[in-house]
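This report walks through one protein chain, from a surface patch to its charged pairs. Look at the sequence and the structure first, then read on.

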Amino acid sequence: MGKRDKEEAVDKENLAAEEVNNTAEQAEDTQNEEAETPELSKEEQLENKIAGLNDKYLRLYSDFENFRKRTIKEKGDLIMNASEGIVKDMLPILDDFERAISNNETSDDAEAIKEGFQLIYNKFNSVLVAKGLKPMDSKGEDFDIDHHEAITNIPVDKEQKGKVVDVVEKGYFLNDKVLRYAKVVVGQ
């Protein structure tokens, strides 16, 4: 949510609060007017007071419903646009891949192609690391069910028992939370 959106939301909330205050003041004014008119019977005064309070209640209820609907809409918008930052940062990498593909159609230099893809990989990796992605270093570590998914077990010597012997698919953390479990081979 941008700064302008936040300011608009605050302005809307302030307007809603002013409306509630105005409604409350109007109810007080009608109550004061009712108290000043002694011609009305006690029942009529009570009925007017009940009508005023009901009106105040309905206005507050509708204001709250509007606030709730607006909040739900804003939350939905936030969820829909949550990935905007990462996608925007990855567009230059997509451009690099497109340029590499078009250049590779005419190039016969394998070393230049390898170097180009290594540069793109480094750029891609640096964007992901900047967003909080961190690879798991699992090989040789103790098997941990909180970080690893065992694909298979293989017989090993005593020192390697219960340790990760091979990593089939690398695992990743995103801001210290497991994003993808490492698929590993465990020594038994």
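## A nonpolar patch

Tyr 61 sits in helix α2, which covers residues 42–80. The model is a predicted one. Together with Tyr 57 and Leu 58, Tyr 61 makes a nonpolar patch of about 360 Å² on the surface. The relative accessible area of Tyr 61 is 45%. Tyr 61 therefore counts as partly exposed, since that class lies between the buried limit of 20% and the exposed limit of 50%.

## The chain as a whole

The chain contains 4 helices and 6 strands. Read from the N terminus, the order is α-α-α-α-β-β-β-β-β-β.

The chain has 188 residues, and 14% of them count as buried. The area that the chain exposes is about 14600 Å², of which 53% comes from carbon and sulfur atoms. Contacts can also be sorted by separation in sequence. Among those between residues at least 6 apart, 64% join residues at least 24 apart.

## A negative patch

A patch of negative charge on the surface gathers Asp 108, Asp 109, Glu 111 and Glu 115. One of these residues, Asp 109, belongs to the loop between α3 (84–104) and α4 (110–130). With a relative accessible area of 44%, Asp 109 is partly exposed.

## Salt bridges between helices

Side chains of opposite charge can pair when their charged atoms come close. The count of salt bridges in this model is 10.

One of them joins the side chains of Asp 96 and Lys 123, with an N to O distance of 2.9 Å. This pair links distant parts of the chain, as Asp 96 is in helix α3 and Lys 123 is in helix α4, 27 residues apart. Is each partner buried or exposed, or partly exposed? Asp 96 has a relative accessibility of 16%, so Asp 96 counts as buried. Lys 123 has a relative accessible area of 35% and is partly exposed.

## Salt bridges between strands

Glu 169 and Lys 183 form another salt bridge, and their closest N and O atoms are 3.7 Å apart. Here too the pair links distant parts of the chain: Glu 169 is in strand β3 (residues 164–169) and Lys 183 is in strand β6 (residues 182–187), 14 residues apart. Glu 169 counts as partly exposed at 27% relative accessibility. Lys 183 is partly exposed as well, with a relative accessible area of 28%. Elsewhere, Asp 96, Arg 99 and Lys 123 are joined into one network by salt bridges that share partners.

## The loop between β4 and β5

The loop between β4 (172–174) and β5 (177–180) holds Asn 175. Asp 176 is placed in the loop between β4 and β5 too. What is the sign of phi at Asn 175? Phi of Asn 175 is positive, near 55 degrees, in a residue other than glycine. Asp 176 also has a positive phi, near 65 degrees. Asn 175 counts as exposed, at 56% relative accessibility. Asp 176 counts as exposed at 65%.

Asp 176 takes part in a salt bridge as well, its side chain meeting that of Lys 134 at 3.5 Å, N to O. The pair links this loop to strand β1 (residues 133–135), where Lys 134 lies, and the two residues are 42 apart. Lys 134 is partly exposed, with a relative accessible area of 42%.

Conventions. Residues are numbered from 1 along each chain as its sequence is written. This is a predicted model: local features need pLDDT of at least 70, side-chain atom pairs count only at pLDDT 80 or more; totals for chains, interfaces and linings use all residues. Side-chain values use heavy atoms; hydrogens and water are left out. Patches are made of residues with over 30% relative accessible area and no salt bridge: like charges are joined within 9 Å, nonpolar side chains (Val, Leu, Ile, Met, Phe, Trp, Tyr) within 5 Å. Accessible areas come from the Shrake-Rupley method with a 1.4 Å probe; for residues, only the protein chains shown count as cover. A salt bridge is a side-chain nitrogen of Lys or Arg within 4 Å of a carboxyl oxygen of Asp or Glu. Lys and Arg count as positive and Asp and Glu as negative; His and the chain ends are not counted. The place of a charge is taken as NZ of Lys, CZ of Arg, CG of Asp or CD of Glu. Buried means under 20% relative accessible area, exposed over 50%, partly exposed in between (1.4 Å probe, protein chains only). Contact means heavy atoms within 4.5 Å.
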